[in-house]
Amino acid sequence: MASRGVDLGAVEAFADGDVQRVEAGGRGLVVVRRGDVFYVLRDICPHQGARLSDGQVTGQVAECSLGGEAVLARDGEILVCPWHGWQFDLCTGRSLVDGEKNRVRSYPVRIAAGRVLLELD
Amino acid sequence: MSQVEPAVETQEASTFSLIDCDVHNYPNSIEELMPYLSARWQAYVRQSGFSGPGGPTYPKGFAQAARRDAWPPSGLKPGGDPDFAREQLLDEWGIDLAILNPLYGMTALHNLDFANALMRAVNEWTADTWLGSDTRWRGSIVVNANDPKNAAAEIKRVSADRRFVQVLLLVRSSAPYGKRQFRPIFAAACEAGLPVGLHFGGSGNPITACGWPSYYIEDHTAMSQAFEAQLVSIVCEGVFCEFPELRLALIEGGFAWLPGLMWRLDKNYRGLHSEVPWLKKLPSEYILEHCCATTQPMEEPKNPQHLMQIIEMIGRDEFLLFATDYPHWDFDSPDRALPPVIAGDLRQKIVVDNAVAFYGF
Ligand code: FES
């Protein structure tokens, strides 16, 4: 079945680095823009249901040895839930801990004619 | 200690029927340790009238915290007469191996050099007086945790005698053991191939996180708080990451609290893991991979089935090690302490197999 694009709005409607809630296809979604890249996840935390759109974008503290320098990697690619701080990979929707079990649905996005289009099967 | 280390005599592990992972031996007085102290410290003891570290800030339910029938006819103290302990514990209950944990509170002494001298004396006294008296005894190396560098040197020195099977720390310390200052102790234990036993008691801090309670019943019950705090510290400060081979026995701290602690810690890890980026897996996984706990004082829920649920919630049949705590008043009887619901393979693991695997008997 061909995919259809659901229009989430004009590209300029999303400021770089912002976390924004949109409603589309009857679902609440969280949209994060990072330069030319758009990430879209379901706007509900799989833990206890907080709106991820109230969360913060950050990076992932890279694994390091004890006492070693803790480095922030992948800055801009991690969304932190506003309630209990679970962290989700914006690319995959997986939590950084137990990502197999704890994940939020992520959606592919494409840009066409200055619009952000969500790919729904 | 002698130059030629005594051989470890033991029967085949497959023939064991009972291993006791927590027994206490005490010098009857400072006089027993004098032969192991230098002239300088002997003079110090004589002049100061020092008779032993600390005294019971909480008078126990029984004198010396001992079973009333553990006072030997010889007139020595409970845990002070190896022949009597052999008869009353090892022979009476058919115990194949028993681990001695001398609770000599040298960490209560502020003079580190004196505490270290006593540390060495207690280890030598254990080797001579106890380990030499019956091949079924195994020893724990006592260390002065307030001086980790010298504690490590003592572990290195004493561990050449393979009758010593673990390093003993007391749970109420001056700071949580995960703190980096204690690393030399864990490093030395791993280098010697020995587990660390974390035992009830100590002298560093109040037993509860909110200060000193009034009664021994509170002291005894609330000791599990200190175990929880130590375990959280050791996991979060990355001790198991730094020492992947480290084994840790939680001795006389109970175990029913473990599922709740693991749930709490894992839950917090999901939101706060970036604070401890050296951890590579869930905190509970470190606990279950590296730790064991002794059974005494046995958890006694009204419904014994609840005990099985707790064991199931812990999730590892290899986690528990049987212990009596002889000669103390809260001794667990080998034939009655484990309720009948603990049966079959699980019972065999708790009374023998888990200790064989953990200590490498
Ligand atoms: S609701 Fe999102 S972490 Fe708890």
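# A tour of the two chains, starting at a buried ring pair

Begin by selecting B:W41 and B:F114, both of which are buried. Keep in mind throughout that this is a predicted model.

**The aromatic cluster in chain B**

Aromatic pairs number 13 over all chains of the structure. With B:W41 and B:F114 shown as sticks, look at the two rings: their centres are 5.1 Å apart and their planes meet at 25°, so the pair is stacked, the limit for that label being under 30 degrees. Now colour the helices that carry them, for B:W41 belongs to helix α1 (residues 39-48) of chain B and B:F114 to helix α3 (residues 112-131) of chain B, so the pair ties together parts that are 73 residues apart in sequence. Add B:Y44 and B:F50 to the selection, and you have the cluster that ring pairs build from B:W41, B:Y44, B:F50 and B:F114. Before leaving, display B:R40 as well, since its charged end sits over the ring of B:W41, 3.9 Å from the ring centre.

**The largest pocket**

Next, turn on a surface or a pocket display and look for the largest pocket, which has a volume of about 1,200 Å³. It is lined by 42 residues, and those closest to its centre, which make a convenient selection, are B:P53, B:G55, B:P56, B:K60 and B:L103. To see which elements contribute to the lining, select β4 (164-172), β5 (196-202) and α6 (216-236) of chain B, each of which supplies at least two of the lining residues.

**Helix α9 of chain B**

Move on to residues 283-290 of chain B, which form helix α9; six of its eight residues are buried, so the helix is largely enclosed by the rest of the structure. The buried ones to select are B:P283, B:S284, B:Y286, B:I287, B:L288 and B:H290. One of these, B:Y286, has a charged partner: the charged end of B:K281 sits over the ring of B:Y286, at 5.1 Å from its centre.

**Two cis peptide bonds**

Continue along chain B to B:Q296 and B:P297, which are joined by a cis peptide bond with omega of about -5°; B:P297 is found in the loop between β7 (291-294) and α10 (304-314) of chain B. Then select B:Y326 and B:P327, where the peptide bond is again cis, with omega near 5°, and where B:P327 has its place in the loop between β8 (320-321) and α11 (344-359) of chain B.

**A sheet in chain A**

Now switch to chain A and show the cartoon for an open sheet of three strands, which has the order β5-β6-β7 and antiparallel pairing. Its edge strands, each pairing on one side only, are β5 (56-61) and β7 (87-89) of chain A. Neighbouring strands of this sheet are turned by 55° against each other on average, direction ignored. Zoom in on β5(A) and β6 (residues 72-80) of chain A, which run antiparallel and are joined by five bridges, and there select A:Q56, which stands opposite A:V80 in β6(A).

**Two positive phi angles**

Finish with two loop residues of chain A. A:D98, which is not a glycine, has a positive phi of about 55°; this residue lies in the loop between β7 and β8 (106-107) of chain A, and with a relative accessible area of 24% A:D98 is partly exposed. The last selection is A:A113, another residue other than glycine with a positive phi, near 50°, placed in the loop between β9 (109-112) and β10 (115-120) of chain A. At 82% relative accessibility A:A113 counts as exposed, because that label applies over 50%.

How values were computed:
Residues numbered from 1 in each chain as written. Chains lettered and ligands numbered in written order. Predicted model: local features only at pLDDT ≥ 70, side-chain atom pairs only at ≥ 80, totals over all residues. Heavy atoms only, no water. Pairing = 2+ DSSP bridges. Helix = DSSP H or I, 4+ residues; strand = E, 2+ residues; numbered from the N terminus. Axes fitted to C-alpha atoms, helices over the stretch in contact; angles between N-to-C directions. Phe/Tyr/Trp six-rings, centres within 6.5 Å; stacked < 30°, edge-to-face > 60°. Buried < 20%, exposed > 50% of the residue type's maximum accessible area, 1.4 Å probe, protein only. Lys NZ or Arg CZ within 6 Å of the ring centre and 35° of its normal. 1 Å grid on protein atoms, 1.4 Å probe; cavity = no way out; pocket = protein on both sides within 12 Å on 5 of 7 lines; lining within 4 Å. Points joined across faces, edges and corners; volume = space filled by probe spheres on them.
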